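Open the model in your viewer and set it to cartoon, with side chains hidden for now. The stops below say what to select next and what is there.

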Amino acid sequence: MALTKNQRRTRIKNRIRKVVSGTEARPRLTVFRSNKEIYAQIVDDVNGKTISAASSRDKDISSAKGNKSEVATLVGKAVAEKALKAGVETIAFDRGGYLYHGRVKSLAEGAREAGLKF
């Protein structure tokens with residue numbers, strides 16, 4: 001039986017989450033990508049806390065012009081700046097079952113440019 005796209009992504013996501021988990025010293029940068037928007041948050045899984053979050057729906061980012069990959073880069077920079085203010089420098093990247101390509105890659109590169117290490 002063939003899997004749907006969402007079932008396949010869920011399987012990949014679970015496989016990634018077995019390995020990648022966020023600690024206080026090295027929280028997890030998780031990505032959710034819809035057809036229209038992209039969301040990123042930095043999570044400490046041990047304490048169950050979200051340290052910082054950003055999305056393409058934030059006021060300063062949604063007003064920016066550009067294609068979806070360019071907006072994803074801005075989201076990566078925004079979440080990285082918030083994380084650095086909160087005292088987080090190194091993270092574990094959780095691509096959420098998406099391929100490391102396109103918007104997910106742009107978000108990661110934006111976060112790296114803003115100073116996060118992963």
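**The sheet**

Begin with the strands of this predicted model. Four of them make an open sheet in the order β3-β2-β1-β4, and the pairing is mixed. Colour β3 and β4 (92-94) separately: these are the edge strands, each paired on one side only. Looking along the sheet, the twist from one strand to the next averages 20 degrees.

Select β1 and β2 next. They pair in the antiparallel sense over six bridges, and a hairpin of four residues joins β1 to β2. Show F32 to find one point on this pairing; it stands opposite Y39 in β2.

Move on to β2 and β3, which also pair in the antiparallel sense, over six bridges. Here I42 has S52 in β3 as its bridge partner. Four residues lie between the two strands of this hairpin, and G48 in the turn has a positive phi of about 65 degrees. Before leaving β2, colour by burial: five of its seven residues are buried, so the strand is mostly covered.

On the other side of β1 is β4. These two strands run parallel and are joined by three bridges. Select R28 and A92 together, as R28 stands opposite A92 in β4. Keep R28 displayed for a later stop.

**The helices on the sheet**

Bring up α3. This helix lies across β1, β2 and β3, and runs at about 145 degrees to β3. Then add α4, which packs on the sheet and touches β1, β2 and β4; its direction makes about 145 degrees with that of β1.

Which residues of α4 are buried? Select R103, V104, S106, L107, A108, G110 and A111. Their cover includes β1, β2, α3 and β4. Just after α4, click on G115, which takes a positive phi of about 120 degrees.

**The nonpolar core**

In soluble globular proteins, nonpolar side chains tend to be buried together. Now turn on the side chains of the largest nonpolar core, which has 23 residues; L29, I42, V75, F93, L107 and L116 touch the most other members. β1 (28-33), β2 (38-44), α3 (68-85) and α4 (103-113) each supply at least two of the core residues. The biggest share comes from α3, with seven residues.

Centre on L116 and list its contacts. Apart from neighbours within four places in sequence, they are I42, A80, A83, L84, V88, E89, I91 and A111.

**A buried arginine**

Select R103, which is in helix α4. What is the nearest side chain of opposite charge to R103, and how far away is it? It is E37, at 7.3 Å; R103 is buried yet has no salt bridge. Leaving out residues up to four places away in sequence, R103 touches R33, S34, N35, K36, E37, I38, K68, S69 and A72.

**The salt bridges**

Finish with the charged pairs. The structure holds five salt bridges; three of them are visited here.

Return to R28 and add D45. Their side chains meet in a salt bridge, 2.9 Å from N to O. D45 is in the loop between β2 and β3 (49-55) and R28 is in strand β1, so the bridge ties together parts 17 residues apart in sequence. R28 counts as buried because its relative accessibility is 9%, whereas D45, at 26%, counts as partly exposed.

Next, select D58 and K82, a salt bridge with its closest N and O atoms 3.9 Å apart. This pair links distant parts of the chain: D58 is in the loop between β3 and α2 (59-62) and K82 is in helix α3, 24 residues apart. Both count as partly exposed, with relative accessibilities of 24% for D58 and 37% for K82.

Last, select E113 and K77. The closest N and O atoms of this salt bridge are 3.2 Å apart. E113 lies in helix α4 and K77 in helix α3, so the pair ties together parts that are 36 residues apart in sequence. E113 counts as exposed at 57% relative accessibility, and K77 as partly exposed at 29%.

To close, display R17, R28, D45 and D94 together: salt bridges that share partners join these residues into one network.

Technical notes. Residues numbered from 1 in each chain as written. Predicted model: local features only at pLDDT ≥ 70, side-chain atom pairs only at ≥ 80, totals over all residues. Heavy atoms only, no water. Core = buried A, V, L, I, M, F, W, Y, C linked by side-chain atoms within 4.5 Å. Buried < 20%, exposed > 50% of the residue type's maximum accessible area, 1.4 Å probe, protein only. Contact = heavy atoms within 4.5 Å. Salt bridge = Lys/Arg side-chain N within 4 Å of Asp/Glu carboxyl O. Pairing = 2+ DSSP bridges. Axes fitted to C-alpha atoms, helices over the stretch in contact; angles between N-to-C directions. Lys, Arg positive; Asp, Glu negative; His and termini not counted.
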